[in-house]
Amino acid sequence: MSIVLNTLAGLGAFVRENLIGLGYATRMFLAIMRRSAFLFKRPRLVTDQVHFVGNYSFVIIAVSGLFVGFVLGLQGYYTLNRYGSEQALGLLVALSLTRELGPVITALLFAGRAGTSLTAEIGLMKAGEQLTAMEMMAVDPLGRVIAPRLWAGIISMPILATIFTAVGVLGGYLVGVPLIGVDSGAFWSQMQGGVDLFSDIGNGLIKSMVFGVAVTFIALYQGYESKPTPEGVSQATTRTVVISSLSVLALDFLLTAMMFSN
Amino acid sequence: MAEPTKYMNQADSIVSLKGVDFSYAPGERTILSGLNMEFPRGKVVAVMGGSGCGKTTVLRLIGGQVNAQQGQVLFEGQDVGQMNTQQLMTVRRRMGMLFQFGALFTDMSVFENVAFPLREHTKVSEETLRDLVLMKLNAVGLRGARDLMPSQISGGMARRVALARAIALDPPLIMYDEPFAGLDPISLGITARLIRYMNQALGATSILVTHDIPETFEIADYVYFIANGRIAAEGTPDDLRASTDPFVQQFVSANPDGPVPFHYPGKTLLEDFGASV
């Protein structure tokens, strides 16, 4: 009997703790939004962070995009070739990248590259009493430190996803056309005819913006709420990668169902 | 009812604690109990006691980072615990705080660290800001280190930069949290002299939380000893040196055993080893 009660109590505590955490995170998110208006007066705070989280992720995003494009070109050709449709390789590569792989892989790479860096930075600022010092100087860290980083993530993610997609298409072209010998005109014209600006590229950009909000906020929240110890920061960094990755995949499913269903 | 402090009748206190009870969570260990303290304007007042006795909590209460469960924490006559966020932010502009390890912003240079409060709270031109920052850095002897990053300076220098940052807005109250911890003898002497000098130069009040007896007794006008969440002793450094109170004697003489026991409470030697020493 006591085992059943203990299990129920444990489950109840788990659900309660997670609900409290979710409520707290929601309040923090709204607080950041309320404090974001002043960034219009000081855009430099955001642009500096765009450089930090966006520019520093550029190389990993571009290189990954190129290799994903290579693989898509190869796999796409082998599959399409069975049905004699290898002329549609450009369309397959472009749709795969704009709709799914561009936003999703960029978000996963961003979580690993910039997300962990943001969590560690905020966690170490907390451990070094820098956030408390800021509060004692009558400066709100949510507005001065957290909000510019969140907006930088939201701005950077669609740009990085676009770069990933563009480089990926180029990778698919290099494998498909010069290497395998698919007709260059067919590669580009099928892509031009089959990719819609709003439903494919537009929805892909919306996806990457949503992922930008999710991944950056999770990274900042984990850093802000981390225990101010080396173990605390290390655990928070791990949680950022795990929670961000799962959130991106779950959100991708929801967004795809909403955007591309009839 | 807590006993009144000897400074209780000071009419011109910048900070007053009146019957303050504090614990970090309901049901947890009581950190402060019925605490009364007065911090008169223009004085250097030290708050001393063993590690974990609640010294830093006093600073956190004054800064409004935590609130008392009972009693009042008055800054310039206003109850800090009753203030909303906006009021608290306004009041904090009139407080400077030096953290134990400086808490410098590691992504900013020494110059930018000192300029931070000025950039956030004033609209002075870049030229004026430069002059103000260099004057503050000059006061702590680090005008030449303006372009260095916090990772390139020693712990003692970081503490001095943090002091320059804490006085950037010329606050009437400066709080120091363990300013002498981990410093070499030269840095320790420099920091102690700077605290006294800043107090005189700015006409400010200084609250010094520390357990470093010699330097504190050199520069403090008045000293509170806290033990078990209460004032265990108080007075001028001369009063305390002459005190026969066993707690003060133990603390001033750094005796390992006394009213503050060496051994953590537990089983007797007889119970643990079957023998007594």
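A residue is counted as buried if 20 or more other C-beta atoms lie within 10 Å of its own, with the C-beta atoms placed from the backbone. The exercises below apply this to a predicted model and then turn to pairing, contact and confidence.

**Exercise 1. Determine which residues of β7(B) are buried on each of its two sides.**

Solution. Start with the strand as a whole: β7 of chain B covers residues 173–177, and five of its five residues are buried. Next, recall that in a regular strand the side chains alternate between the two faces of the sheet. Assigning the residues to sides then places B:L173, B:M175 and B:D177 on one side, with B:I174 and B:Y176 on the other, and since these are all buried, both faces of β7(B) are covered.

**Exercise 2. Identify the strands that are joined to β7(B) by bridges, and give the sense of each pairing.**

Solution. Take β6(B) to begin with: four bridges join this strand to β7(B), and the two run parallel. A pair of residues that can be located in the structure is B:M97, which stands opposite B:M175 in β7(B). Then take β8(B), residues 205–210, which pairs with β7(B) over five bridges, again in the parallel sense; here B:L173 stands opposite B:T205 in β8(B). Finally, follow the chain between these two strands: it leaves β7(B), passes through helix α6 of chain B (residues 185–202) and arrives at β8(B), in a β-α-β crossover that is right-handed.

**Exercise 3. Describe the surroundings of β9(B), and state how many of its residues are buried.**

Solution. The strand β9 of chain B spans residues 222–227, and five of its six residues are buried, so that the strand is mostly covered. With β3 of chain B (residues 44–48), β9(B) runs parallel, and four bridges join the two; B:V45 stands opposite B:Y222 in β9(B). With β10 of chain B (residues 230–235), by contrast, β9(B) pairs in the antiparallel sense over five bridges, and B:Y224 stands opposite B:E234 in β10(B). The connection between β9(B) and β10(B) completes the picture: the two form a hairpin with two residues between them, and B:N228 in the turn has a positive phi of about 55 degrees.

**Exercise 4. Establish the strand order of the open sheet of four strands in chain B, and explain why one side of β2 and of β5 is left without a neighbour.**

Solution. The order in this open sheet is β2-β1-β4-β5 of chain B, and the pairing is antiparallel. Reading the order from its ends, β2 (30–40) and β5 (78–79) of chain B stand at the edges, and because each has a single partner strand, one side of each has no neighbour in the sheet. Within the sheet, β1 (residues 13–23) and β4 (residues 70–75) of chain B are paired in the antiparallel sense over five bridges, and the bridge partner of B:S16 in β4(B) is B:L74. Helix α1 of chain B (residues 55–62) packs on this sheet, where it touches β1, β2 and β4 of chain B, and its direction makes about 115 degrees with that of β1(B).

**Exercise 5. Characterise the side of chain B that touches chain A, by element and by residue class.**

Solution. Begin with the counts: the contact takes 14 residues from chain B and nine residues from chain A. On the side of chain B, the elements giving two or more residues are α2 (85–92), β6 (95–98) and α3 of chain B, and the largest share, three residues, comes from α3(B). Sorted by class, the residues on this side of chain B are seven nonpolar, four polar and three charged.

**Exercise 6. Summarise the architecture of chain A, and set out the confidence of the model for chain A, chain B and the complex.**

Solution. Chain A has nine helices and zero strands, and its C-alpha atoms fill a box of roughly 65 × 60 × 35 Å along the principal axes. Of its 262 residues, 42% count as buried, and among contacts in chain A between residues at least 6 apart in sequence, 87% join residues at least 24 apart. Turning to confidence, chain A averages a pLDDT of 93, with 99% of the residues scoring at least 70; its lowest helix is α2 of chain A (residues 44–54), at a mean of 91, and its highest is α6 of chain A (residues 141–180), at 95. Chain B averages a pLDDT of 85, with 94% of the residues at 70 or above; confidence in chain B is lowest in helix α9 of chain B (residues 246–253), at a mean of 77, and highest in α3 of chain B (residues 110–121), at 93. For the complex, the predictor gives an ipTM of 0.81 and a pTM of 0.84.

How values were computed. Residues numbered from 1 in each chain as written. Chains lettered and ligands numbered in written order. Predicted model: local features only at pLDDT ≥ 70, side-chain atom pairs only at ≥ 80, totals over all residues. Pairing = 2+ DSSP bridges. Contact = placed C-beta atoms within 7 Å. Axes fitted to C-alpha atoms, helices over the stretch in contact; angles between N-to-C directions. pLDDT = per-residue confidence, 0-100. Nonpolar A, V, L, I, M, F, W, Y, C, P; charged D, E, K, R; others polar. Buried ≥ 20, exposed ≤ 12 C-beta atoms within 10 Å, placed from the backbone. Right-handed = clockwise from strand over helix to strand, strands pointing away.
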